[in-house]
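Let's take a walk through a protein and look at its hidden spaces, then at a place where helices pack together. Have the picture ready and follow along.

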Amino acid sequence: MTLSRRSLLATTAAAAAAAPLAVSAAREAGGSGSGHRPHHGSSGGLLRTGFERLADDGYGLLAGRKTGIVTNPTGITRDVRHIVDVMHADPRVRLTAVFGPEHGFRGTAQAGGSEGRYDDPATGLPVYDTYLKSGTALADVFTASGVDTVVFDIQDAGARFYTYIWTLYDCMEAAQLAGKRFVVLDRPNPVTGRAALGPVLHKEFATFVGRQPIAQAHGMTVAELARLFNSEFLTAPVPLETVTMTGWKRGDFYDASGLPWVPPSPNMPTADTALVYSGTCMFEGTNLSEGRGTTRPFELLGAEGVDGRWAAAANELTLPGVRFREAYFAPTFSKFQGKTVGGVQIHVHDRAAFDPVRTGIALLVTAKKVWDGFAWRPDDWIDKLTGSTRVRTMIDAGAGTDEVTGAWQEELTAFRRVRKEYLLYG
């Protein structure tokens, strides 16, 4: 597989141009926007989000600009005020529009839904819907809003198929088409930024759960992804500025941040969900429940007719950092609504050793072996989630976990080399 990279000269020039912007934004901002004492991360430094640093600089990057912000319920301060409410009340900011992604700006919509166009009752600001819009259609939304600067601040979950990073990509592309400036406010990757894991998307399988060839667990923050997108994948780069965090290290899990966790979508209730999501979300591509409609989505997996043999088979693999419990549950919505199903609950006991993508593959392999009712979704959604036909066809052919995970190592190594150029934190 070949990554769609520009020439070395163009890439070097783009990286050189992007780096001073990130450094400049980081130097200009400081302090704690909420007035609360920041948390000491594992590095010993004060953890400050991109928004906190922007606010304590007096919003210097936005001075004199008509600003619109792409955000959702995760765009909060440490004292859980929404940043739109904070910015709207501050005379130093000309906040004139809000852009809502999947699930909506205030988060009222379920998976696959949005809030549409409306005026926010709390602020009176016009809210525009970005969901399923891209290219010129989304550029037209930015133009109609009248803003000249688009800001992005959404908490990611660390997985390629979590759609907010593709909202970021689409908005960057649309901002470039509409002649807008783009500012990304960084937040932690909740499952660390230690490594990229899993298969890399093949371009012919590009959808809203994967626009470009990155790894299934990308191991990057949204600011780092923005830099990568701008230099590697956008047809023409957008004027991009990133406001980095301080006090975040690549090995930090979310609880090291001291930040409150707000579910970025209805089925991502805790940071523990994010820990397993890049692996177990693959079960969306099967006829098994991925735990939607329970209090532990993506940690509970199952179907009618599954019994304790699945947990036993998975435990026999002695996968690092994780154990599996025989579990029974009745989803309140989605697959098997109102029916009692059998399956497994994932218990991560050593998150530093845990590999979510390898674990997800192992669970697919063992589920197919122990349950004769196993089937892929008829639309081959698994191919969109994993980025090619490989996972589905190899498992169907009887391949084991090591064979499947070994098949993507060459492309993953290539992605890791590219990724390294855009990392902002040690």
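Let's begin with a small hollow inside this predicted model. The lining of the second largest cavity is a mix of five nonpolar, two polar and two charged residues. Who are they? The residues around this cavity are T130, Y131, L132, K133, L138, T167, D170, C171 and F208. Helix α5, which runs over residues 164–178, gives the most to this lining, with three residues. The space they enclose has a volume of about 30 Å³.

How many cavities of 30 Å³ or more does the structure hold? There are two, and the largest has a volume of about 90 Å³. If you'd like to find the largest one, look for T49, E52, T74, I76, T77, R78, Q155, R187, Y254, L259, P260 and V262, which line it. Sort that lining by class and you get five nonpolar, four polar and three charged residues.

Now leave the cavities and find two helices that pack against each other: α7, covering residues 271–280, and α9, covering residues 356–370. Their axes are 7 Å apart and make an angle of about 55°. That angle falls in neither the parallel, the antiparallel nor the perpendicular range, so α7 and α9 count as oblique to each other. Their crossing is right-handed.

Which residues meet where these helices touch? On the α7 side there are L275, V276, S278, G279 and T280, and they meet P356, V357, G360 and L363 in α9. The residues of this contact divide into five nonpolar and four polar, with no charged ones.

Definitions and conventions
Residues numbered from 1 in each chain as written. Predicted model: local features only at pLDDT ≥ 70, side-chain atom pairs only at ≥ 80, totals over all residues. Heavy atoms only, no water. 1 Å grid on protein atoms, 1.4 Å probe; cavity = no way out; pocket = protein on both sides within 12 Å on 5 of 7 lines; lining within 4 Å. Points joined across faces, edges and corners; volume = space filled by probe spheres on them. Nonpolar A, V, L, I, M, F, W, Y, C, P; charged D, E, K, R; others polar. Helix = DSSP H or I, 4+ residues; strand = E, 2+ residues; numbered from the N terminus. Axes fitted to C-alpha atoms, helices over the stretch in contact; angles between N-to-C directions. Parallel < 35°, antiparallel > 145°, perpendicular 65-115°, else oblique. Left-handed = near helix turned anticlockwise from the far one by under 90°. Contact = heavy atoms within 4.5 Å.
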